[in-house]
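Trainee: Could you pick one part of this model and take a close look at it with me? I'd like the details and the cut-offs behind the words.

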Amino acid sequence: MLQRLRKDFEFFWVLNTMQPEYTSKEFSILSYIDQNSDATQRDLSEHVGVSLGTINILMKRLVKKGLVKIERMQPNSVKYFLTPRGIANKIERTYGYIVRTYRELVQLQRQIGAILVSLQKHFPSKQIWVYGPEDEFFVILDDIIHSDLISFPVQLVHDYTDVLRDGLADDALVLVWREEETIVMEQSGFPSVNILQGISYAGIQG
């Protein structure tokens with residue numbers, strides 16, 4: 001009896017106190033099942049990053065919503081399928097995710113552009129350098145630098161040999177976004193500013 005009450009409480013707690021988080025977990029489950037027809041609850045647990053007990057609760061919820069169908073293959077083996085409603089739900093969530101991601105990216109680009117403009121305004125005599133690896137953030141910065149968000153030159157480099165070759169002037173202002181590059185700049189005698197700190201501050205202020 002006590003064990004049953006604990007399970008009922010866990011189910012109630014998941015449904016009523018963590019719905020936003022578990023909605024994203026549900027989307028992850030739907031996507032994984034859609035791409036892996038032989039998915040097991042253990043596979044889903046590892047993919048989503050939650051316990052088997054939580055996966056079991058979420059699967060029951062998806063079945064109750066009519067998004068997932070369970071077909072028993074053997075006494076100890078089941079197979080999961082997305083129902084037509086589940087497929088439509090996944091498409092709708094995918095669209096929503098793309099729209100939200102795009103809006104967040106545009107907002108991020110505007111924040112970074114505003115930071116660069118503010119730095120150029122406060123330090124008009126300094127040359128602005130942006131230094132870091134060619135990762136996703138590098139691509140975002142490259143797009144900003146070549147957009148109409150800023151109207152002044154910004155040097156974007158990913159290889160430290162380029163920094164050594166071109167040389168940093170005494171009036172250079174170096175922007176980075178990882179701790180590794182901060183350390184490199186400090187060891188080279190050039191102070192740097194982590195642009196992500198500016199974004200976090202701008203987010204708090206906004």
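**Where α5 meets α6**

Mentor: Start with the crossing: α5 passes α6 in a right-handed way, meaning that the near helix is turned clockwise from the far one by less than a right angle (anticlockwise would be left-handed). Keep in mind that this is a predicted model, where local features need pLDDT of at least 70 and side-chain atom pairs count only at pLDDT 80 or more, while totals for chains, interfaces and linings use all residues. Residues are numbered from 1 along each chain as its sequence is written, and side-chain values use heavy atoms, with hydrogens and water left out.

Helices here are DSSP runs of H or I with at least four residues, strands are runs of E with at least two, and both are numbered from the N terminus. Helix α5 covers residues 84-122, and its axis lies 10 Å from that of α6, at an angle of about 65 degrees. Those axes are lines fitted to C-alpha atoms over the stretch in contact, with angles from 0 to 180 degrees between N-to-C directions.

Who touches whom? From α5 come Leu105, Leu108, Gln109, Ile112, Gly113 and Leu116, and they meet Phe137, Ile140, Leu141, Asp143 and Ile144 of α6, contact being heavy atoms within 4.5 Å. Sorted by class, that's 8 nonpolar, 2 polar and 1 charged residues; Ala, Val, Leu, Ile, Met, Phe, Trp, Tyr, Cys and Pro count as nonpolar, Asp, Glu, Lys and Arg as charged, and the others, Gly among them, as polar.

Now follow Phe137 into the aromatics. There are 2 aromatic pairs, counted when ring centres of Phe, Tyr or Trp (its six-membered ring) lie within 6.5 Å; planes under 30 degrees apart are stacked, over 60 edge-to-face, and the rest tilted. Phe137 and Trp177 make a tilted pair, 5.4 Å centre to centre with 50 degrees between the planes. Phe137 belongs to α6 (136-145), whereas Trp177 sits in the loop between β5 (172-176) and α8 (179-187), 40 residues apart. Both are buried, that is, under 20% relative accessible area with a 1.4 Å probe on protein chains only (exposed is over 50%, partly exposed in between).

Phe138 forms a tilted pair with Trp177 too, at 6.4 Å and 55 degrees. Since Phe138 is in α6 and Trp177 in the β5-α8 loop, this pair ties together parts 39 residues apart in sequence. Phe138 counts as buried because its relative accessibility is 10%, and Trp177 is buried at 7%. Put together, Phe137, Phe138 and Trp177 form one aromatic cluster.
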